[in-house]
Amino acid sequence: MSREGKVNRRLQRQRLRKIPWTVFMTLVYASFYIPVMVMILFSFNDAKRNYSWMGFTTHWYPKLFSFGNHDLWEALVYSLIIAVLATVISVVIGVLGGIGLKKYEFHGKKFINMMLFIPIVVPEIVMAVSMLIIFMVIGVKLGLATIVIGHCTFCIPYAVIVIKGRITGDNETLQEASMDLGATKLQTFIKVTIPSIMPGIMSAAFLSFTLSIDDVIISNMLAGASQSTLPVLILSVNRTGITPDINALTTVMVIVMLFGMAIMNVLQRIHKKREAASLAESDERIRAARLAAEEYN
Amino acid sequence: MSVVTGRAKKGNRLPMLAQAGPVSLWMIVFVTLPMLFIIFISFMSRGTFGGVEYTPSMESYETMMEITYFHVITKSIGVAAETTIACLLVGYPFAYYIARKPADVASRLITLLMIPFWTNSLMRLNAWMLIFQTNGPVNNFLVNVNLIEKPITFIFTDGLVLLGLITNYLPFAVLPMYSSIEKLEKPVLEASADLGANPRQTLLKVTLPLTIPGIFSAIILTFIPALGTYVITDMLGGGKVLYIGNIIKNQFGTIRNWPLGAALSVLLLAITALMLFLYSRFAKVEDMEVV
C-alpha cells in the first residue's frame, strides 16, 4: 500500500466521522428554525383561526395594514412605548452604574453586585409577584409605569454586565490623558468615556429592547386592568385560537428586527474601523515624534 | 489603579454618587425591598376576603405541604430537572462543536443560534402546537407511513410541554458552556494529547472537568427559569398542566391567597439560593456567564 493511499484512507475516515456531527448540528438548528418557519407559514393560512392548514392566501397582510384589528395594533404600540421607555431608562442607569461599579470602591458595593444578580437568576414570576405585592400594599395603580419599572428591573442588570465587559484598562488611560490635557470630569465623561464604550451601549440597548418587547410574565402580572402588551394579548388569545393576522404581524416584526440587526452590525463595523484608524494615526504620530527626537539627538 | 483613583478623591463624591447611585437605589427599592417583603408576607395569614392579614402564622407553609400542592411541587421539580438534563446532553456537544471552530465561523454559528430567539417566543410555542395538532404534519406523516393507525394526541400533554421547555431554554444552556469551552487554552489540550491521551480521554479528563463552571451556569440558567415558568405550560398545556408558576400566578389572580403565593415564591427563592451556593463551591458567582 502506497503512502498516498494511507493518507487518502485517513482523510476518508475523518470525513466519515464528521457525518454524525453534521446530522446532529443540523437537527438542533432545525429545532430552532422550524417553529419560526411554521409561524411565518401560518401567516399565509386561509383560515379564521390557526389550527390547521387550510390553503394559501396573502390577504392577512393587507388586512393587517388596514388596521382593522384595533386590539392588535394598540397592544403593539403599547409594547413599543414600554420597550422604548424601559430601554432608555435601563441604558442610562446601566451605563452610569457599569462605569461607577467598575471604577469606585464603596461600602455595600458587594451587596449591590449581588442584588444585580438576583433578577437574572431568580424565576421571573417571583420578581413579578414581589413587586406586585409592594405596589398593591403601597397603593400604586398598576399600568404603564409599573410595567416599565418591572422591565427596567431585569434590563438594568444585563446593561450593567454588558457595559462592565466593555470597560478595559485602555478606557482609564484615555480618561487620564483627557484630564491631563485639561478637560473637566464631565467633559471627559461625555467626550471620551461614552464614545469609547459606544458598542457596549448599543448592545445593552438592543438587549434591553428585545427582553422588554418579548416579556410576558412581568407585563402580565403588573398590568392590572390596563391595556395588554402584545405578548400578553397573544397569551390570552391563545385560549380561543391564534388568528393568522397575529402571525402576519410577528412576521413583519421578524423582518424589522433583522433589518435593525444588520444596521447595528454595520455601525459597529464602522466604529471598529474608526478605532483602528485612530490607533494607526496615533502610532504614526508617535513614530514621527520618535524620529524627530532621534534626529535632534 | 482604579481603587486608588476612587479613594484618592474622597473630597469630591459627586461623580461616584452620580454614577453608582441610581443603580444602587433602583436595586434596593425594586429588588431588595420586594424580596424582603415577600418573605415577610409568606409568614402572615390569609385575609378573609383575600389578600393579607398581618397576624403571623405558618398556615401557608402548612398548606404548601398538603398533598395536592406537594404533588405539583415535586412534579415541577422533576420536569425542570428533565429539561435541564436534556439541555445539557444536547447543549454540551453543540457548544463543543461550535467552540472548536475558527473564531469567525463560531461567532457566525452563535448568531445563527440567537436569531430565532429574537422572534416572539409565544408564537414559536404556538408553532409547536400547530406542528403536533391532531391533524397536523407530524400526525399526518405517522399515519401515512402506517406507523400509527389513529392520530396521537400530543397537544395539552406533559410531553409537548417538555419539548417546549427544552427548545426554549437550550440557548441559555449553550451560551455559558460555549464560552467556558472556548476559553480553554489550546496548550492545555495539546499537552494532554502530547502525553498520550486520545481525544476521548482528553474530553473526559481535561475538557469536562475544566468546564464545570460553564456546565453549572447552564444548569442554573435552565433549571430555575424552567421551574418558575407558567407561560410555556399555559401555551402548550392548555391550562390542563399545572406547575408551581401557574399556582403562584393563580394566588394573585382569581384565588387571592397572597401568603400561599408568597410562600411558594420563597420556596423558589430558597432553591435558587441553594443552587448558587453549590455553584460558589466550583467557581466565583460574580464570574458566572449570563449574557
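**Exercise 1.** Are α6(A) and α2(B) parallel, antiparallel, perpendicular or oblique to each other?

*Solution.* First, some ground rules: this is a predicted model, where local features need pLDDT of at least 70, side-chain atom pairs count only at pLDDT 80 or more, and totals for chains, interfaces and linings use all residues. Residues are numbered from 1 along each chain as its sequence is written, while chains are lettered from A and ligands numbered from 1 in the order in which they are written.

Step 1: take the axes (lines fitted to C-alpha atoms over the stretch in contact, with angles from 0 to 180 degrees between N-to-C directions). Those of α6(A) and α2(B), residues 14-42 of chain B, come within 11 Å and cross at roughly 135 degrees.

Step 2: classify the angle. Under 35 degrees is roughly parallel, over 145 roughly antiparallel, 65 to 115 roughly perpendicular and the rest oblique. The pair α6(A) and α2(B) is therefore oblique.

Step 3: find the contact (C-beta atoms, placed from the backbone, within 7 Å). α6(A) brings A:Ile149, A:Thr153, A:Ile156 and A:Val160, and α2(B) brings B:Val23, B:Trp26, B:Phe30 and B:Val31.

**Exercise 2.** Place A:Asn238 in the structure and decide whether this residue is buried or exposed.

*Solution.* Step 1: locate A:Asn238 in the loop between α11 and α12 of chain A.

Step 2: apply the cut-offs, counting other C-beta atoms within 10 Å: 20 or more is buried, 12 or fewer exposed, in between partly exposed, with C-beta atoms placed from the backbone. A:Asn238 has 21 such neighbours, so A:Asn238 is buried.

Step 3: look across to chain B, where A:Asn238 touches B:Asn126 and B:Met235, leaving aside residues up to four places away in sequence.

Key. Helices (H or I, at least four residues) and strands (E, at least two) are DSSP runs, numbered from the N terminus. Two residues are in contact if their C-beta atoms, placed from the backbone, lie within 7 Å.
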